[in-house]
Amino acid sequence: MRYRNVLFFFKVFLFFSCLPAEKDIAEIHLVDDLRLAQLPDSSYLIRVSSIFIDQGKIYLADPELNNVVVLDENGVFVQNIGQLGRGPGELLWPGQLYSKNDTLFVFSGGKNAIDIFSNSQFVRTIPFSDVNGMYSGGRFFVDSGKVFISMVDLNGSISVIPVNNINQNLSFGQFIRFSTDKQSIIQNHRSVFLHGNTVISVSFFQPIIERYSKDGNLLEMFSYENLELISHRIQNARAQLATENVALCIAADAYIYNDILYVLLCHSDDEGVYSSTILLFDLSGEKIEVRKKIDLGQGWFTAIGVTEENIWAFRSDAQDRYLARFPLKGHKF
């Protein structure tokens, strides 16, 4: 694994690719056809932090409910996984999810651990208390017995942690320096995804997407800093980050389906801040390319999941809290 340090993200990057003119990016307006707020036990979805879809099952992590809600592909309730607690099979503030072949990995923030379930049955807990670095809720994945996660320390932004030997973890990834170590660690958090034989990294607080080999070599960096949707936030960052210990959301969530990366943007204009636009990036070629914009309408959305037929998104704002289904029929990406 290699360690890298770079300067503040507004400067020019090596391996840099740019966004085309915004007027050339086609926009799609979607309308939801299903809203789910209440579960069969009369409880309500309150603050879904992660949506993951695997083999026709939709997994929702809600840290207020302290379990994982499982729906079928039609949005019908199937079961809950886990319950409140610190013991085996219990969850405490579940956050991000990853599932493969009905094996579910749940990061339990209150336990600082990943709980593993197979076919809904508890298997084991991986404690992260002895792992170096700070975790701030980004997506992770598991491949070849290793967890790839943004556990940030001053050596890198991505950690690779063997499931069976967490003390053998290694770090890689761009690490951007800010005015203090604390701010540097917070600002470098990312969501990471497996795409083919590469690792895709999406920054929370900087308008950048990185592509790495699985052994940590930087292959490409893509900036969408000039996008008008987020230009107000970028300008605010320029004015504040040098003197204040703040972090401005750029990407609220992201998801990969097939060869498309969906990035849910935090964007702003003169009237306010929103999280209802998804920017689509094509990952199929040698270079990352922007495809389209998707408008989900009004509301602040916090988590997304994508299938061939639908985008699932959780709305969480002062007006409403519900899981919405947005059909994709008739749209080509």
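Colleague: Which residue does Ala254 stand opposite in S27?
Modeller: Ala254 stands opposite Val263. This is a predicted model, and the pairing is read from its atoms.

Colleague: What makes S26 and S27 count as paired strands?
Modeller: Two strands pair if DSSP finds at least two bridges between them. Strand S26, residues 251-257, is joined to S27 by 6 bridges, so the condition is met. The two strands run antiparallel.

Colleague: What do S26 and S27 form, and what is the phi of Asn258 in the turn?
Modeller: They form a hairpin with 2 residues between the strands. Asn258 lies in that turn, and its phi is positive, at about 55°.

Colleague: How do you know that S27 pairs with S28 as well?
Modeller: The same test applies. There are 9 bridges between S27 and strand S28 (residues 272-282), against a requirement of at least two, so S27 and S28 are a pair. They run antiparallel. One of the bridges has Leu261 with Phe281 in S28 as its partner. A hairpin of 2 residues joins S27 to S28.

Colleague: Why is strand S27 called largely enclosed?
Modeller: Buried means under 20% relative accessible area. In S27, residues 260-269, 9 of the 10 residues are buried, so the strand is largely enclosed by the rest of the structure.

Colleague: How many of the residues count as buried in the chain?
Modeller: Of its 333 residues, 55% count as buried. The chain has 2 helices and 32 strands. Its accessible surface is about 14400 Å², and carbon and sulfur atoms hold 48% of that.

Colleague: Why is Ser316 called buried?
Modeller: The relative accessible area of Ser316 is 14%. The limit for buried is under 20%, so Ser316 qualifies. Ser316 sits in strand S31, which covers residues 310-316.

Colleague: What makes the pair Ser316 and Arg321 a polar contact?
Modeller: The two side chains come to 2.9 Å. The cut-off for the N or O atoms of such a pair is within 3.5 Å, so the distance condition is satisfied. Beyond four places in sequence, Ser316 is in contact with Ile46, Trp300, Thr302 and Arg321.

Colleague: Is Leu170 buried, exposed or partly exposed, and why?
Modeller: The relative accessibility of Leu170 is 41%. Buried is under 20% and exposed is over 50%, so Leu170 counts as partly exposed. Leu170 belongs to strand S20. Its C-alpha atom is separated by 8.4 Å from that of Ile158, 12 residues apart along the chain.

Colleague: What makes S16 and S20 edge strands?
Modeller: The open sheet has 4 strands in the order S16-S17-S19-S20, with antiparallel pairing. Strand S16 (141-143) and strand S20 (170-172) each pair on one side only. From one strand to the next, the twist averages 25°.

Colleague: How do you know that S19 pairs with S20?
Modeller: At least two bridges are needed, and 3 bridges join S19 (residues 158-162) to S20, so they pair. Among the residues involved, Ser159 has Ser171 in S20 as its bridge partner.

Colleague: Why is one side of S5 and of S8 left without a neighbour?
Modeller: Another open sheet has the order S5-S6-S7-S8, with antiparallel pairing between its 4 strands. Strand S5 (50-54) and strand S8 (77-81) stand at the edges with a single partner strand each, so one side of each has no neighbour in the sheet. Here the twist averages 20° from one strand to the next. Strand S7 (residues 67-72) is joined to S8 by 4 bridges, and Val68 has Ile81 in S8 as its bridge partner.

Colleague: How many aromatic pairs does the structure hold?
Modeller: It holds 12. One of them is formed by Tyr98 and Phe105, at 6.2 Å centre to centre with 40° between the planes.

Colleague: Why is the pair of Tyr98 and Phe105 called tilted?
Modeller: Planes under 30 degrees apart count as stacked and planes over 60 as edge-to-face; 40° fits neither, so the pair is tilted. Tyr98 and Phe105 are both buried.

Colleague: What makes Phe204 and Phe205 an edge-to-face pair?
Modeller: Their planes stand at 90°, which is over 60, so the pair is edge-to-face. The centres are 5.8 Å apart, within the limit of 6.5 Å. Phe204 is buried, as is Phe205.

Colleague: Which residues do ring pairs link into a cluster?
Modeller: The cluster consists of Phe52, Tyr98, Phe105 and Tyr255.

Technical notes
Residues numbered from 1 in each chain as written. Predicted model: local features only at pLDDT ≥ 70, side-chain atom pairs only at ≥ 80, totals over all residues. Heavy atoms only, no water. Buried < 20%, exposed > 50% of the residue type's maximum accessible area, 1.4 Å probe, protein only. Areas by Shrake-Rupley, 256 points an atom, 1.4 Å probe, with all protein chains shown as cover. Polar contact = N/O pair within 3.5 Å; in protein donor to acceptor, adjacent residues only side chain to side chain. Contact = heavy atoms within 4.5 Å. Phe/Tyr/Trp six-rings, centres within 6.5 Å; stacked < 30°, edge-to-face > 60°. Axes fitted to C-alpha atoms, helices over the stretch in contact; angles between N-to-C directions.
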